[in-house]
Amino acid sequence: MIDILDGNACAAWGARRAKVQCVPVFPITPTTEIIETIAAWKAKGEFPGEFVVLDSEHSAASAALGASMTGARTFTATSSQGLLLMHEILPIISGCRTPMVMTTVSRCLSAPIGLWPDHNDTLAMRDAGWIMLICETNQEVFDSVIMGYKISENPKILLPVIVNMDGFVHSYTRTEVDVPEQKMVDKFLPHPELEIRLDVKKPMTLGIPAMGLDYMRYRQQLHKAMLDSFDVIDKVQKEWAKLTGRKYEFLDEYKTKDAKAVIVMIGANSTIARSAVDTMRKKGKKVGLLRIRLFRPFPEKQLRNALEKIDHIAVIDQNICPGMGGILYPEIKMALSGTKKVVGNYIQGLGGNFVSEQDYIDILDDIMKAKADDRKWQM
Amino acid sequence: MLSKLIKEKDIKNLGKKGVPYAVEKQQLVERANWRTFKPVIDYSKCIKCGLCWLHCPDAAYDVNEEGFPVCNGKVCKGCLLCVDICPVKCISVEQERGKLHKK
Amino acid sequence: MADVDFNIKEEMKKPHLITGGTFACAGCNPVLGIRLTLIALGKNVIMVNSSGCMTLTATWPFTPYRIPWVHGAIENGGSVAAGILMGLKALKKDKGTHVVVYAGDGATYDIGLQALSGMVHRKEKIIYICYNNCQFANTGHQASSATEQFARTTTTPPPLGNPLPRKNMAKMMAMGGADYCATACVSFPFDFIKKLRKAAKVEGSVFIDLLSPCEPGWLVKPNETIKAGKLMVESGMWPLYEIEKKKITINHKPQMIPVKEALKMQGRFKHLTEEQIGEIQETVIKEWEMITKGRFWEAEEY
């Protein structure tokens, strides 16, 4: 069915269509409407799962760990400060190899406290061992939540998934979204079957301490599972494309085939960048856009291949790592190491600072002329 | 054992074994080498009250067919809580290692 | 022993649900507490552990537990248990399964208070057992807010000792919405088992504060831990009571032996002056009068 939904509603519908069984949450702007929607459905009897608002995001993540370990399908959502508070538990969840999907709604970090989007909060989770999908549209959020469960619960993978959207721009903006029927999603997403779980019939000791080489082996296995998930994510995305007609790839390459300069970025502002690319193409300038959708595991090889023939690359960071620069920049540089390209870093949009089409046109003009790597702030 | 350099592409995905969990192992870890003293029951005095079985933190007492408690020498740490709790004082202390102590 | 529906001879025939071979110290009362919990509740228990001494009872590949056991982090015992309960309800497996949290006093009184308070307030059917050895034992015996006044710990060394009196968690949780709160001691195993079997039938949250003497923390010999706990109870310093929805039952009338006997037995109180011991004795006597004369909620225990 086609409906007009905002990003928060899409995440909630994703959880509903995925027949999520446990939703432990804590409210924070701009995520709150996800949990309000699910609470309203529960009150009307439309949502059969368990729904509990806990005492903090840390407790919500802990409850998600506990619930998921019993074998129930779990969903939670948070932003910014809440996500940082959860950060203690996120490596425990991935280290215990517990499947679940969490929707993060990006919001800038304190201090100074702000409500509007940038990517510092989500990208701070890149070391936690979660698969990260960063979305551009509300439709993608809905689709990614459902695909996320299929990826996460694969017995060879067993890794939790973060589905990220931008606060306010996605979460409170309504667009046309296609929500498939329950039967269609049921065919795609079977009931979860977790083998290593808490069950009185088959006692197991989970989250067990490990020392020295044993510990290192477990962390190695976690890394290996992340690397193996490329294949699984690819298969799941292709299966979803067959079912719904909507194609998703690790990288969203837009007019990069013959481009002389390309913007590399993540998130909602990619839509504006797309429009800038179109405007410049009409004037005959050969430019393109590369949006990274799958951030963890990091698609290094695919990035390198996609940018092989392009010599001027603008990495846009809607985040700042104080004292170093943008967070995406060194990762892109690592993927392109050994090549002679001009890779510039542009910091923009912190705290939800509005970015216009002209801003992207300026960036593309700037990178075309650039002769050396540099970092510029667009304010 | 010296460390080895392993190429990342040679790492194997161990599936279930890559998840940190454990199930019952047949072999109990032995803690006998923690002991200096060992409890010894005088079965002629034992009244089978079960208090030594109940108060052992390491579950070192098993019960035989006649209902008498039997100390599992593999896991007993020699804490001697059973000696003090026995209502008829039928458990005596035997020194297993170290210089002879005055009790 | 007569009023407990606990037939020790029958229990002795059942297999051990926690075996030996752990890293716990010889004479460790917290690990005895786990054993008593599993004897009381049986094998339909999912145990959640908060980081502390009891976490290292299982180290890969060895586990002494014959029941499902999970370790989260230090401060989320209550929340992980809440999540497990949610999962069991969603999978319709919650009837007859007890979710038990076994957390130390550091993980309960201090860092884990938020999670515990939330769990109790939501009246989740979880049995939260705090094994109270009055210190952060696993990190090397530092003072927690459950440490008694004047006690020696590595962060409160003599001559001052611990300057603050301890919190009373059982009363706090009773006011916070728990349906059944109790204090217990490992030295009184039949009382503890009886309370656990009662707790298993409660349709709400349960909090049990279990005094479990710690041999290296309290500086007693390994075979004196049970005796140390007994003396703490019999001197009146650790009252044994139950609070069922604001109704109070005193489970054990202490003999009121002089506190000096109980304190001097523990190395951590060896530095106490006569004045300090006198102060403690006065507090204990005054507080017992209040408890027995109907002023239970006002009594500030030692």
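Me: Helices (H or I, at least four residues) and strands (E, at least two) are DSSP runs, numbered from the N terminus. With that in hand, in which loop of chain A is the place of A:Pro112?

Reply: Happy to help, and remember that this is a predicted model. A cis peptide bond, with omega at about -5 degrees, joins A:Ala111 to A:Pro112. The loop that holds A:Pro112 runs between strand S5 (101-106) and helix H6 (120-123) of chain A.

Me: Which residue does a cis peptide bond join to A:Thr29?

Reply: Most peptide bonds are trans, so a cis one is worth a look. Here omega is about -5 degrees. The partner lies in the loop between strand S2 (22-25) and helix H2 (32-44) of chain A. That partner of A:Thr29 is A:Pro30.

Me: Is C:Phe150 buried or exposed?

Reply: C:Phe150 lies in the loop between S4 and helix H6 (169-176) of chain C, and has a positive phi of about 75 degrees although it is not a glycine. The cut-off for buried is 20 or more other C-beta atoms within 10 Å. Because C:Phe150 has 24 C-beta neighbours inside 10 Å, it counts as buried.

Me: What is the phi of A:Lys19, about how many degrees?

Reply: A:Lys19 sits in the loop between helix H1 (7-17) and S2 of chain A. A:Lys19 is partly exposed, with 17 other C-beta atoms within 10 Å. Although A:Lys19 is not a glycine, its phi is positive, at about 55 degrees.

Me: How many residues of strand S4 (residues 126-132) of chain C are buried?

Reply: Let's take the two sides of S4(C) in turn. C:Ile126, C:Tyr128, C:Cys130 and C:Asn132 point one way and are buried. C:Ile127, C:Ile129 and C:Tyr131 point the other way and are buried too. The strand is therefore largely enclosed by the rest of the structure, and its buried count is 7 of the 7.

Me: Which residue in S6(C) stands opposite C:Tyr128?

Reply: S4(C) pairs in the parallel sense with strand S3 (residues 98-104) of chain C over 6 bridges, and there C:Val99 stands opposite C:Ile126. S4(C) also runs parallel to strand S6 (residues 206-211) of chain C, joined by 6 bridges. In that pairing, C:Tyr128 faces C:Phe207.

Me: Which element gives the most to the side of chain C that touches chain A?

Reply: The contact takes 36 residues from chain C and 38 residues from chain A. Strand S2 (69-71), helix H3 (77-90) and helix H5 (113-121) of chain C each give two or more residues to that side of chain C. With 11 residues, the one that gives the most is H3(C).

Terms used:
Residues are numbered from 1 along each chain as its sequence is written. Chains are lettered from A and ligands numbered from 1 in the order in which they are written. This is a predicted model: local features need pLDDT of at least 70, side-chain atom pairs count only at pLDDT 80 or more; totals for chains, interfaces and linings use all residues. A residue is buried if 20 or more other C-beta atoms lie within 10 Å of its own, exposed if 12 or fewer, and partly exposed in between; C-beta atoms are placed from the backbone. Two strands pair if DSSP finds at least two bridges between them. Two residues are in contact if their C-beta atoms, placed from the backbone, lie within 7 Å.
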